[in-house]
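Biologist: I am new to this structure, and I would like to understand what lies behind the terms used for it. Could we go through them one by one?

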Amino acid sequence: MFLLNRHPDYRSALDPADVETLGPAGADAITAHLAQRENHRPTPLHGLPALAAALGIGALYIKDEGQRLGLGSFKALGGAYAVIRLALEAASGKLGRKLDDADMLDPAVRAVAAEMTFACATDGNHGRSVAQGAQLLGAKAVIFVHGGVSDERVAAIARFGAQMVRVPGTYDDSVVEAARVATERGWTIVSDTSWDGYERIPGLVMQGYTAIAREGLAQMPERPTHVFVQAGVGGIAAALAAQMQTVLGDERPFFTVVEPALAACIFEAARQGRPVKIAHGAPTVMAMLECYDPSPLALRVLYRAADAFLTAEDSDAVEAMNRLARPVAGDPAIVAGESGSAGLAGLLAALRDPQAKAALKLDANSRVFLVNTEGATDPERYTELVGLKPAEVAA
Ligand SMILES: Cc1ncc(COP(=O)(O)O)c(C=O)c1O
């Protein structure tokens with residue numbers, strides 16, 4: 001299913017606060033932060049000319065977040081960054097001097113951070129990032145996961161020294177529970193989704209994601225005509241859409257938000273023209289995108305800066321993972337997890353549907369930019385779906 005954006009705010013200017021957070025100044029801030037992180041390297045942008053030709057489009061590029069900051073997903077850019085920014089702010093207040101990213105490992109900052117506890121809910125990847133940020137500073141992290149998060153994903157977060165809490169219900173239930181407990185105990189909640197009266201911290205998380213657009217646009221040999229980005233609560237999609245709109249203006253690419261058909265809350269909010277929470281249904285294979293309640297901050301941006309909303313089937317995601325793992329001759333092999341491959345899944349779905357293909361103006365001149373948002377963050381599941389171990393793909 002696809003939907004062109006018909007919201008009354010479509011193509012109107014972004015809210016000035018969102019420009020400040022997600023525009024060029026936001027990308028400058030995360031760039032300055034990354035320069036201080038020990039294991040930071042820009043992630044690769046792969047060209048897939050053979051797949052582009054097979055699909056009948058002009059060019060296809062995929063920004064591969066599979067190794068971002070050693071965490072396996074783009075989420076490495078958001079949670080840890082917000083944790084460090086918040087700890088630096090707290091330390092600045094206590095120490096009475098201005099601190100910046102270069103001070104993050106200063107013993108005085110660590111002493112302040114050691115008194116702080118950061119909490120969040122997660123499907124897996126965001127919690128890993130928050131836990132990594134807390135560990136870097138010697139702060140505590142308490143991470144809430146719902147029943148559907150695999151034991152492997154839980155173990156991967158716990159390895160960063162976080163305390164793990166299992167919550168019955170869905171991701172959205174774990175968000176509510178994390179916020180409740182954190183408020184009660186005076187912990188700092190670092191959520192990747194926003195709610196009424198709570199936007200600054202999710203805004204910082206999303207600011208981290210703008211690095212993908214900044215790096216990607218610099219790496220592309222030509223400006224993209226199309227972008228397909230997957231959404232859970234909409235954070236990465238909104239961060240990329242806002243960054244591209246503020247940097248490229250009218251020259252920005254046609255921006256499509258992709259969601260699993262089984263968890264398409266942003267699609268529904270676009271269809272109804274207002275924020276809605278959708279009913280919890282069967283689980284999707286794109287586990288990290290299994291969200292039923294969009295982030296209001298993300299929606300506000302997407303109503304203005306996204307052009308289309310699209311759903312992909314689970315089978316599209318599995319096909320996309322396999323196409324990336326077993327490339328057409330000449331293209332590189334890419335390890336893309338179930339949710340990582342969702343942008344390509346959306347492109348495949350759009351190209352198969354003549355109406356969607358025409359509405360999204362996809363043709364032989366299209367230069368498409370995608371983000372592989374995660375590698376094999378759940379290696380067992382990856383092998384089940386692709387028939388290869390991640391190491392066999394990369395080899
Ligand atoms: C691998 C991956 N891709 C995409 C997303 C969607 O991001 P957002 O919730 O910001 O829309 C997530 C969220 O956890 C994720 O882990």
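Modeller: Let us begin with the polar contact, which is a pair of N or O atoms within 3.5 Å; within protein, one must be able to donate a hydrogen and the other to accept it, and residues adjacent in sequence count only if both atoms are side-chain atoms. This is a predicted model, in which local features need pLDDT of at least 70 and side-chain atom pairs count only at pLDDT 80 or more, while totals for chains, interfaces and linings use all residues. Residues are numbered from 1 along each chain as its sequence is written, and side-chain values use heavy atoms, with hydrogens and water left out.

Biologist: What makes asparagine 125 a polar contact of the ligand?

Modeller: An N or O atom in the side chain of asparagine 125 is 2.8 Å from an oxygen atom of the ligand, so the pair is within 3.5 Å and counts. A polar side-chain atom of threonine 373 lies 2.7 Å from a nitrogen atom of the ligand, and a polar backbone atom of isoleucine 236 is 3.1 Å from a ligand oxygen.

Biologist: How do you know which residues surround the ligand?

Modeller: A residue is near if one of its heavy atoms lies within 4 Å, and 15 residues surround the ligand, Gly232 and Gly234 being among the closest.

Biologist: What makes domain 1 and domain 2 touch?

Modeller: Contact means heavy atoms within 4.5 Å, and 28 residues of domain 1 are in contact with 21 residues of domain 2.
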